[in-house]
Amino acid sequence: MTTFITHWVTSGGIVLVFLLMAAESCGIPFPSEVIMPFAGFLAAQGHINLTGAILAGTLGNVVGSLVAYGLAARFGRPLLLGPGRRIGIRESHLDLADRWFERHGLLAVLVGRVLPVVRTYISFPAGLARVPLVPFTLLTFIGALPWCIALAAGGYAVGANYDKISGPITIVAIILAVVVVGVVIGWLVRGRRQATARGQS
């Protein structure tokens, strides 16, 4: 089983990085702040190639951004705020990206690639405005590349020194798991209470 998992990560890890980063740039909430550091970590363990992972993440950003651009240009906000809600797109996300784009124009495409939340949704207002496609694609690549390099390098550094820091990481992981479970339980309880209150009103 261990051999199978290692082979899967080695052969499919870079493809998975590409797909997840493309999905993030389409507005689906797969955070690059998790994807790329984990890719760097796997590279440090020898499962995937670091340069390949960085390029896959960057190209995934470009492809996903082009898809988001095309959807916005073709269908506009009704699609984004209708079916788009099912994948996590909210009006507040679009409003934030809109403000950035209105303030900075095409420069927002470049700078927005290194800003959380903004980087995920900046392609939508660019598509709505139908900015020139070649500059949009070029600025997306230029902005995404250093972001992917920085995050992957951080994960690589952790992976290279994992034996030294595995203990603290395990403790933090356990604490986070407990917190996440508590939040989920609280969310479920709150949802049931609200449903009960609505049923009684």
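Reader: Is C148 buried or exposed?
Author: C148 has a relative accessible area of 0%. The cut-offs are under 20% for buried, over 50% for exposed and in between for partly exposed (1.4 Å probe, protein chains only). With its area of 0%, C148 is therefore buried.

Reader: What kind of model is this?
Author: Residues are numbered from 1 along each chain as its sequence is written, and side-chain values use heavy atoms, without hydrogens and water. Local features need pLDDT of at least 70 and side-chain atom pairs pLDDT 80 or more, while totals for chains, interfaces and linings use all residues, as this is a model that is predicted.

Reader: How many helices and strands does the protein chain have?
Author: Helices (H or I, at least four residues) and strands (E, at least two) are DSSP runs, numbered from the N terminus. Along the sequence, the pattern reads α-α-α-α-α-α-α-α-α-α. The protein chain thus comes to ten helices and zero strands.

Reader: What share of the protein chain is buried?
Author: The protein chain has 201 residues. Among its buried residues are C148, at 0% relative accessibility, and C26, at 18%. For the protein chain, the buried share comes to 34%.

Reader: Which residues does T58 contact, leaving aside its neighbours within four places in sequence?
Author: T58 lies in helix α3, which covers residues 50-75. T58 counts as buried because its relative accessibility is 0%. Contact here means heavy atoms within 4.5 Å. Apart from those neighbours, the partners of T58 are F141, A144, L145 and C148.

Reader: What distance separates the C-alpha atoms of P146 and T58?
Author: P146 has its place in helix α9, whereas T58 is found in helix α3. A relative accessible area of 43% makes P146 partly exposed. Along the chain, P146 and T58 are 88 residues apart, yet the separation of their C-alpha atoms is 8.8 Å.

Reader: Which helix gives the largest share of the largest nonpolar core?
Author: A nonpolar core is a set of buried Ala, Val, Leu, Ile, Met, Phe, Trp, Tyr and Cys residues joined through side-chain atoms within 4.5 Å. The largest has 16 residues, and V17, M21, M36, A39, I48 and C148 touch the most other members. The elements giving two or more residues to this core are α1 (2-25), α2 (32-44), α3 and α9 (133-160). Six residues, the largest share, come from α2.

Reader: Which residues does A39 contact, leaving aside neighbours within four places in sequence?
Author: A39 is one of the residues that touch the most other members of the largest nonpolar core. Beyond its sequence neighbours, A39 is in contact with V17, I48 and A53.

Reader: How many residues make up the other core?
Author: This core lies apart from the largest one. Its members include Y69, F101, I122 and L139, and the core has a count of ten.

Reader: Which residues does F101 touch, not counting residues up to four places away in sequence?
Author: F101 sits in helix α5 (residues 91-104) and is buried because its relative accessibility is 11%. Its C-alpha atom lies 9.7 Å from that of F124, 23 residues away along the chain. Not counting its sequence neighbours, F101 touches L106, A108, V109, I122, P125, A126, A129 and V131.

Reader: What share of the contacts with a separation of 6 or more joins residues 24 or more positions apart?
Author: One contact in the protein chain is that between T58 and C148. Of the contacts with a separation of 6 or more, the share from residues 24 or more positions apart is 72%.
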